[in-house]
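Work through the exercises below with the sequence and the structure side by side, and try each task before you read its solution.

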Amino acid sequence: MQKLLNETKEKAYLFLREFGFEEDELEPVINKGLIDLENAIHHLSEVVEKENPKDEEVDGVLHGLKGLLFQLGNHDAANKAERLRYTDDLNEIRMWLDSF
Amino acid sequence: MKLSPEQEHFFIERIKKEFDRPEEEAAETVESLQKLLYEGDMKIVYDLQYRVFKANDPAYTQKLLNFLFEGYTYLYDQTVERKEKEKLGVGIRQLFTFLFIERCTYAKEMEEQSLVSQHILKSVSDRLNTVLKTQERMIANLSHEMRTSLNTIHGYLSIIDESKALRGEQKFQLKKAIHGAVSLQSLVKDILNITKINSGQLEIQKSFFDMEDMLLQCIDHLSIEIRNRQRITFEYESMFAPFLVYGDQMHMMEILINFLTNAFKYTEEGFVKLKMTYQKETKGIRAVFTVSDSGIGMTPEQLQDVFNPYSRYQKKKQGLGLGMHITKQLADRLGGELEVKSEPGVGTTFSFSYLFEKTQNYQPDVKGKKIYFYIEKSMQERTYVKEKIDFLKYHGAIVKTFKAENLLINFLLNAQKDIPDILSVLSEPQNYTKIDALIYYLRSGKRFEKTVFLAENMRQHLSLKYFDDLYEYCAPVKIYEKLLKKDDAQRKTGGVGLSVLVVDDTETNLDIFRLFIGKDYPNAKVDLAGGGYEGVGMCKVKYYDIIFLDLKMPGMNGFEVMQKLKELNIALPPVYAFTADVYKSTYDKIFEYGFEGILEKPLNPEHLNEILQRITNAETAE
């Protein structure tokens, strides 16, 4: 997970700096965003580890994760989360989670 | 061969006269001289050499030289035989050689040795300096790294604290962790400061600044301490200072914050008071900043030691005892003077006095602006308030003062055309909430929309919602101009009192939203709701100019929220869907539900500003 957090942190600074914000304005927002991200990933891991998770629940968590990643400037990961919303194979989500 | 009695007499008399020696000693010296000249006995040479060395006085050496030269000439003239003359010559040469040439050689050798010693010392000193500099750099880097990490730790702990995720025992432990992180931050800051001072890296950066503004910033820095220490009354008193001074504001603030921190540290109950006075002198304006407390005080011995490093006089208190040492170093570098008075059990007063040689008169652009005040009775006679009002009048402001609450309320409820640009309230603490509610009432009826309501001298932290600016103490005079300018700028962009509600279940999205809106609309009031139910609840009690609504939320989704809002039977402002679902089906559904438009995720500030501009333009046109 640390890999995704580090990568997102770096991208978030690049993305949000483009709008003319200073480092000290961004730091608290990004730090908080990373905590949200960590929580969202934990949540997703818990949901996909369940025996028969509801599609709606998986979709909801992936949707939230996508929005957060988009907002933090990690658009590749956000697009991946969006694609996974339409998969029937939970292993694909688990593999994605394992990849970072 | 021997000196004749006349010759002996000649030398004895000369020695007595020139060197102020008794007869007996002079006779002994002549005897020794005789032995050198005629027997080659070197005793006198060593004696004289020693005396020259011991006296180390050019005048004595000169006198001795004259004596020897005169004596030699006298003897030489009286000697007839060539052989005797030669012997005389040898003796006198030996004397000169030993006394002067050897001394010169010795001096030369000493000089060379001294150069070698200096060279060795310099090289040792250079190496020591390099080691010290490396150490200082290492400490500075280490402290910097520690500070960065500590900021992160403190930041995360504060986020956990603010999220209210922990309760009971865990909350208590979290508070302890935050307290520890704050103490460590302060220690690291002290170490960094002292390293900078010792290594001469402390840069003095001067600029023009407002002293009152600086003092309020110092108070802000201590605001948590002031609020939490309920057994201590914090007092602030400043002379009215309508000018800017030229100096190093940052380091002066550091000195005053150290004073204040120290006062709170060593005071259990009573008061802590910050005061500023100034007077004009021929070379400029001398300001005296004083912090006094009713704390434990210091004995004369402790007082002597107070500016020395590591001089904590209560070991149970936190800190390294560097604060006051740093303060002294800073004051010295700035060229100010520190003074401390203390009495055990009574309290301590620290003061910092500084002569500002350059000042700039402040000329506010308030001509023709209506600045109205409501001033409660106890404040009406305050010199500060009177001087401030006179100053504003002098610069062309139209000032009106209400001296009773009923007069103010009567005015606010009935005024039609006489609308002030600023209405400042200096009241009893309990009245602010009442006036806050009145402002809400007036603005709901679209009245006094362009008036900036300012709450001054509240003397405590009050959670007021509708005042435009709040000051726990009297606001510095430049604030009025600043508020008027801000108001003008808002009018130009049509952003007066823009009130925004953002509903999203992800906290980061809300934070980023607030960040983006604040950039171009610093005065917009942004309320954040973490879910649909909360959003609907907020719309019930407050009118918003615009709402941004996340579509996919747990509990009540965005469409359901929209439905509920319509059912509320309130004047519905434009509602924008805030979504990353940019599919045609979503678009269709959005308009079907009565949304004004879509704001796509990730948030694009340009698009957001376009929407806000549209709203503010529409308001101005009305």
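Helices here are DSSP runs of H or I with at least four residues, and strands are runs of E with at least two, numbered from the N terminus. Please keep in mind throughout that this is a predicted model.

**Exercise 1.** Find how many helices and strands chain B has, and what share of its residues is buried.

Solution. Counting by the definition above, one arrives at 21 helices and 18 strands in chain B. Turning next to burial, one finds that 27% of the 622 residues of chain B count as buried.

**Exercise 2.** Describe the largest nonpolar core and explain why it lies between two domains.

Solution. Begin with the members: the core has 63 residues, and those touching the most other members are L256(B), L260(B), V425(B), L454(B) and Y480(B). Helix α9 of chain B, residues 249-265, supplies the largest share of this core, namely seven residues. Because domain 1 (207-361) and domain 2 (370-488) of chain B both contribute residues, the core lies between them. Finally, take one member, L260(B): leaving aside residues up to four places away in sequence, L260(B) touches C218(B), L222(B), V272(B), L274(B) and V291(B).

**Exercise 3.** Characterise the side of chain B that touches chain A.

Solution. First count the partners: 18 residues of chain B are in contact with 18 residues of chain A. Then ask which elements of chain B give two or more residues to this side, and the answer is α5 (82-162) and α17 (507-520). The largest share, six residues, comes from α17(B). Sorted by class, this side of chain B holds nine nonpolar, four polar and five charged residues.

Note on methods
Residues numbered from 1 in each chain as written. Chains lettered and ligands numbered in written order. Predicted model: local features only at pLDDT ≥ 70, side-chain atom pairs only at ≥ 80, totals over all residues. Contact = placed C-beta atoms within 7 Å. Nonpolar A, V, L, I, M, F, W, Y, C, P; charged D, E, K, R; others polar. Buried ≥ 20, exposed ≤ 12 C-beta atoms within 10 Å, placed from the backbone. Core = buried A, V, L, I, M, F, W, Y, C linked by C-beta atoms within 7 Å. Domains from an automatic or database assignment.
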